[in-house]
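User: Could you take a close look at the pockets of this protein for me, and explain which parts of the chain line them and what kinds of residues are found there?

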Amino acid sequence: MSKVDPDHIKKERNKTIRWVVTIFLVTIFVSGAITLISDEIMIRSGLVTSFIILLLIVLIGIIFDIIGVAVTSADESPFHSMAARKVPGAKEALQLLRKAERASSICNDVIGDICGVISGTAAATISAQLLVRFEFSWPAMVSLLMSALVSGLTVGGKAIGKTFAVNSSTTIVHFVGRTIYALRSFFCRNSQKTNNNR
């Protein structure tokens, strides 16, 4: 019977605590910043622009939910083959899959919940704009309909997205890996140019 290493357990527990605290603080900061920015933009914008912003927020939530599901569904095997052939994005995809729990937590919980909160706030802002511009015999119905619309779009979009994510997990994870690869390459080139110019 193997002995449990107390130091290893302690390290893992401390790592988990740091991860939870980090996610907590990042969520508060990002949620607050995005809510503030979107509110300011929507207050100064027309109804059409406000609706577009609302749809974009819902869409972002759905896209990251798809990524989160794909990361937990995909198999590593195809990416080992791609990495051996030095296919761009394959190594990044493997890194995502090896940290699938954290990647899924960020995509589904952090970004998903942030988008859910912001879309609710955006719906309330649009309801207020509608009530100011138009007369309604039952004002509460406007807020109710906006909330129902946001909920329907979010739940329906995520339901369709989950099916797509499970069926096309390899393609989605590889696309995300290629995106990370492209961003890293871009920032590396820029940093090299900056260093050369000094």
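Analyst: What follows is a description of two pockets, taken one after the other. Please keep in mind that the model is predicted. As a starting point, rolling a probe the size of a water molecule over the atoms shows where empty space is left.

The largest pocket holds about 320 Å³ of space. Its lining is made of 15 residues, and those closest to the centre of the pocket are Leu96, Ala103, Ile106, Val176 and Ile180. If you follow the chain, the elements that give two or more residues to this lining are helix 2 (47-73), helix 4 (90-98), helix 5 (100-133) and helix 7 (169-197). Among these contributors, helix 5 gives the most, with five residues. Sorted by class, the lining of the largest pocket has 10 nonpolar residues, one polar residue and four charged residues.

The second largest pocket has a volume of about 280 Å³. Here the lining consists of 16 residues, and Ile34, Ile60, Ile111, Ile114 and Cys115 are the ones that lie nearest the centre of the pocket. Two or more residues of this lining come from each of helix 1 (6-44), helix 2 and helix 5. Helix 5 again deserves your attention, as the largest share of the lining of the second largest pocket, six residues, comes from this helix. When the classes are counted, 15 residues of this lining are nonpolar and one is polar, while no charged residues are found in it; in the lining of the largest pocket, by comparison, four residues are charged.

Terms used:
Residues are numbered from 1 along each chain as its sequence is written. This is a predicted model: local features need pLDDT of at least 70, side-chain atom pairs count only at pLDDT 80 or more; totals for chains, interfaces and linings use all residues. Side-chain values use heavy atoms; hydrogens and water are left out. On a 1 Å grid over the protein atoms alone, a cavity is a set of points where a 1.4 Å probe fits but cannot get out, and a pocket is an open set with protein on both sides within 12 Å along at least five of seven lines; lining residues have an atom within 4 Å of a point. Grid points are joined across faces, edges and corners, and a volume is the space filled by probe spheres set on the points. Helices (H or I, at least four residues) and strands (E, at least two) are DSSP runs, numbered from the N terminus. Ala, Val, Leu, Ile, Met, Phe, Trp, Tyr, Cys and Pro count as nonpolar, Asp, Glu, Lys and Arg as charged, and the others, Gly among them, as polar.
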